[in-house]
Amino acid sequence: MDAQHMAVDLRRVSLEVIRAGQAANGAYVASPTFSQYGYSWLRDGAWIAHAMDTVGQHESAGRFHRWATQTLVRYAPKVEALLLKLQDGLAVAEHDYLPTRFALDGALGQEDWPDFQLDGYGAWLWGLVQHCRQHDPALWPEARPAVVLLVRYLSALWTSPNYDCWEEHRDRVHTATLAALYGGLSAVAGYEADLVPASLIDAIRHHALRHGIADYGGLSKFIPPDPAPGKLVDASLLWSAVPFGLLPVDDPVFLATLAQIERDLHVPGGGVYRYRDDTYFGGGEWVLLAAWLGWVYVELGRLDEARALRAWIESQATAGGHLPEQTEGHLLDPSYLEGWITKWGTSANPLLWSHAMYLILDDAIRQKAPVQ
Ligand code: BGC
């Protein structure tokens, strides 16, 4: 870290960036400046709200969850129409599914977007339950109709191929998506058992572990696994253990996955790629994934490595303390960078989800070693 970066209190700036990016109704914008990210994603929002809970900003987290609840209930007729179509064996169009992101006022986006993604709904359920259980039980009765709706939606769709958390590969099933659904639905069942059939949770776990383990002995990015070099793992598999608990963090299958991610995707002394053949903005190291790896290390008791990742993240902040989505230091394929900049402008900075994961990692380290 150089002197300029040390001057910035990244915890304080992260809170400011998140607060400034929250609309009065509770929605969090993904990035206030990047051309494509003026929306609220449930995926990003779940982690941002969770980060706010870890730093004691429960009111902010609660406002987000209330916004998400009201937004989902608003689209209940859309879900009912989709479920009827499925029941009657009718063709389903892309716009029949719930979207992955909403305008800040809860409206549907107008642009074409790879919207059919399920992991964000799992993440939101997981975050909602943590928030209600630990800080705000009064929210649960309000959120319940949205939870019930989502349980029905996800029961009907979890086996369907859908875009992954990077909004790619519409035609595949993704192990990390199943892990998020497992994590969200089992959190709901742990809070109010009657809301989720145990058979659904078991089926998701069974499917992921039966079909999502590759020959190398760890989890694979795709179901079925794709043995092509670079297609084996994805850094989002980290969340299979922390926090979604599809596998315990010290399970041999998860440890094999972690070792593969370390080999393929962790730049020594630096950050973490999403996957080996990433070309989005040249395929840089993602701040939020560096934090995720650090979070896993904390849970494994590998605190020095967690601290090194936190320090790397701090070194990537701008002079004003803003964290980007990804960094340009070690691009996987720099030839793609200019094309993306021409298309959409420079990549997202600040990204609220990056700030959120920094706060989550920082809190995890402090919980384990309170003086640090
Ligand atoms: C990422 C998503 C993310 C969205 C908003 C996309 O580029 O692939 O994971 O939710 O940006 O941050």
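The following exercises, each with a worked solution, concern a predicted model of a protein with a ligand.

**Exercise 1. The surroundings of the ligand**

Task: Determine how many residues surround the ligand, which are the closest, and how the shell divides by class.

Solution.
Step 1. Count the residues with a heavy atom within 4 Å of the ligand. The ligand is surrounded by 13 residues.
Step 2. Identify the closest of them. These are Tyr 37, Arg 43, Asp 44, Cys 165 and Trp 166.
Step 3. Sort the shell by class. Eight residues are nonpolar and five are charged, while no polar residue is present.

**Exercise 2. Polar atoms facing the ligand**

Task: State what distances separate oxygen atoms of the ligand from N or O atoms in the side chains of Tyr 37 and Arg 274, and do likewise for a polar side-chain atom of Arg 43. Then state what share of the ligand's accessible area the protein covers.

Solution.
Step 1. Begin with Tyr 37. An N or O atom of the Tyr 37 side chain is 2.4 Å from a ligand oxygen atom.
Step 2. Continue with Arg 43. Here the distance between a polar side-chain atom and an oxygen atom of the ligand is 2.7 Å.
Step 3. Turn to Arg 274. An N or O atom in the side chain of Arg 274 lies 3.5 Å from an oxygen atom of the ligand.
Step 4. Consider the cover. On its own, the ligand has 310 Å² of accessible area, and the protein covers 97% of this area.

**Exercise 3. The two pockets**

Task: Describe the largest pocket and the second largest pocket by volume and lining.

Solution.
Step 1. Locate the ligand. The space that the ligand takes is the largest pocket, whose volume is about 390 Å³.
Step 2. Examine the lining of the largest pocket. It consists of 24 residues, and those nearest the centre are Tyr 37, Trp 166, Glu 167, Arg 274 and Tyr 280. The helices α3 (42-54) and α13 (337-344) each contribute at least two residues to this lining.
Step 3. Classify these residues. The lining of the largest pocket has 14 nonpolar, one polar and nine charged residues.
Step 4. Proceed to the second largest pocket, which has a volume of about 280 Å³. It is lined by 15 residues, with Glu 94, His 95, Glu 111, Trp 113 and Asp 115 closest to its centre. By class, this lining comprises eight nonpolar, two polar and five charged residues.

**Exercise 4. The cavity**

Task: Find how many cavities of 30 Å³ or more are counted, and describe the lining of the largest cavity.

Solution.
Step 1. Apply the threshold. One cavity of 30 Å³ or more is counted.
Step 2. Give the volume. The largest cavity holds about 60 Å³ of space.
Step 3. Name lining residues. Among them are Asp 164, Cys 165, Trp 166, His 174 and Lys 221. By class, the lining has four nonpolar, three polar and three charged residues.

**Exercise 5. Backbone geometry**

Task: Establish which peptide bonds to Pro 224 and Pro 350 are cis or trans, and whether phi of His 169 is positive or negative.

Solution.
Step 1. Recall the general pattern. Most peptide bonds are trans, and most residues other than glycine have a negative phi.
Step 2. Inspect Pro 224, in the loop between β4 (222-223) and α10 (252-265). The bond from Ile 223 to Pro 224 is cis, with omega near -5 degrees.
Step 3. Inspect Pro 350, in the loop between α13 and α14 (352-368). Asn 349 and Pro 350 are joined by a cis peptide bond with omega about 5 degrees.
Step 4. Inspect His 169, in the loop between α7 (139-157) and β3 (173-174). Although His 169 is not a glycine, its phi is positive, at about 60 degrees.

Technical notes: Residues are numbered from 1 along each chain as its sequence is written. This is a predicted model: local features need pLDDT of at least 70, side-chain atom pairs count only at pLDDT 80 or more; totals for chains, interfaces and linings use all residues. Side-chain values use heavy atoms; hydrogens and water are left out. A residue is near a molecule or strand if one of its heavy atoms lies within 4 Å of it. A polar contact is a pair of N or O atoms within 3.5 Å; within protein, one must be able to donate a hydrogen and the other to accept it, and residues adjacent in sequence count only if both atoms are side-chain atoms. Accessible areas come from the Shrake-Rupley method with a 1.4 Å probe; for residues, only the protein chains shown count as cover. On a 1 Å grid over the protein atoms alone, a cavity is a set of points where a 1.4 Å probe fits but cannot get out, and a pocket is an open set with protein on both sides within 12 Å along at least five of seven lines; lining residues have an atom within 4 Å of a point. A molecule sits in a cavity or pocket if more than half of its atoms lie within 2 Å of its grid points. Ala, Val, Leu, Ile, Met, Phe, Trp, Tyr, Cys and Pro count as nonpolar, Asp, Glu, Lys and Arg as charged, and the others, Gly among them, as polar. Grid points are joined across faces, edges and corners, and a volume is the space filled by probe spheres set on the points. Helices (H or I, at least four residues) and strands (E, at least two) are DSSP runs, numbered from the N terminus.
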